[in-house]
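Q: Could you take a close look at one residue in this structure, and then follow the contacts and charged pairs elsewhere in the chain? I am new to this structure, so a connected account would help.

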Amino acid sequence: ATQCAEHILALQPIFAKAAKETGFSQEMLQGMAWVESCGNPQAKSPTGPRGVMQFTEGTADLAGLRITTEARYKMANVVKWRGKGKKRHKVILSQRVRYTVEVDERLDAQKSIFAAAHYLKKMEVKFGGEDLAVFSYHCGEGCVSHLVAIGHLAFGGKVTMSKLFFMNHPSYQTQIYE
């Protein structure tokens with residue numbers, strides 16, 4: 001827990017700027033980072049999500065984060081042997097060598113936190129609440145859209161997470177329970 005707190009504390013200025021720019025709660029962003037990655041910008045889940053906000057590749061793409069492999073080149077000395085027997089000698093050639101580098105902006109704390117804040121604010125506006133925005137971050141936009149549509153049929157009016165999950169007893173709201 002101490003290491004998590006240190007990570008979150010170190011990133012606090014980024015959370016504050018992202019919250020100010022987007023209007024999404026700083027405390028919620030920090031809480032999500034704590035739960036997602038313990039605040040570690042280099043976190044990697046064995047199931048694929050990466051970074052402080054644990055973006056999947058699909059959500060990262062929707063949020064505008066780049067994940068690419070780039071070709072780069074460097075000059076390297078290459079040793080070749082020429083000749084046979086006693087007349088054999090070493091020749092050193094300078095040669096351009098290609099290598100690849102993975103560019104994954106999910107591992108850039110600033111880009112990842114800002115992308116998450118913008119994505120969450122967009123979901124908050126779309127679904128009408130911070131609770132449903134956070135749920136869509138985990139479940140997916142399609143999943144929440146489906147549940148909200150069912151909730152509107154069952155409740156009418158505003159749908160919240162508490163209504164969806166705590167008032168869906170089979171004897172009270174059969175549609176949502178099913």
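A: Leaving aside residues up to four places away in sequence, Ser25 touches Ala19 and Glu130 in this predicted model. Ser25 itself is placed in the loop between α1, which spans residues 2-22, and α2, which spans residues 26-37. From that loop, the side chain of Ser25 reaches the backbone nitrogen of Met28, at a distance of 3.0 Å.

Turning from this loop to the charged pairs, the structure holds nine salt bridges, and Arg50 takes part in a salt bridge with Glu102, where the side chains meet at 3.1 Å from N to O. Because Glu102 lies in strand β2 while Arg50 lies in the loop between α2 and α3 (57-62), this pair ties together parts that are 52 residues apart in sequence. Arg50 also forms a salt bridge with Asp104, with 3.3 Å between the closest N and O atoms. Here too the partner of Arg50 lies in strand β2, so the pair of Arg50 and Asp104 ties together parts that are 54 residues apart in sequence. As for the acidic partners, Glu102 counts as partly exposed, since its relative accessibility is 48%, whereas Asp104 counts as buried, with a relative accessibility of 10%.

Another salt bridge is found within a helix: the side chains of Glu124 and Lys121 meet at 3.1 Å, N to O, and both residues lie in helix α4 (residues 109-127), three residues apart, which is about one turn of the helix. Glu124 counts as buried because its relative accessibility is 18%, and the cut-off for that class is under 20%. Lys121, with a relative accessible area of 25%, is partly exposed. Beyond such pairs, a network of salt bridges links Arg66, Glu70, Arg72, Glu105 and Lys111.

Strand β2, which spans residues 89-104, also holds Ile92, a residue that counts as exposed at 53% relative accessibility, because exposed means over 50%. Together with Val79 and Trp81, Ile92 makes a nonpolar surface patch of about 330 Å². Strand β2 is therefore the place of exposed Ile92 as well as of Glu102, one of the residues paired with Arg50.

Terms used:
Residues numbered from 1 in each chain as written. Predicted model: local features only at pLDDT ≥ 70, side-chain atom pairs only at ≥ 80, totals over all residues. Heavy atoms only, no water. Helix = DSSP H or I, 4+ residues; strand = E, 2+ residues; numbered from the N terminus. Polar contact = N/O pair within 3.5 Å; in protein donor to acceptor, adjacent residues only side chain to side chain. Contact = heavy atoms within 4.5 Å. Patch = residues over 30% accessible without salt bridge, like charges linked within 9 Å, V, L, I, M, F, W, Y side chains within 5 Å. Areas by Shrake-Rupley, 256 points an atom, 1.4 Å probe, with all protein chains shown as cover. Salt bridge = Lys/Arg side-chain N within 4 Å of Asp/Glu carboxyl O. Buried < 20%, exposed > 50% of the residue type's maximum accessible area, 1.4 Å probe, protein only.
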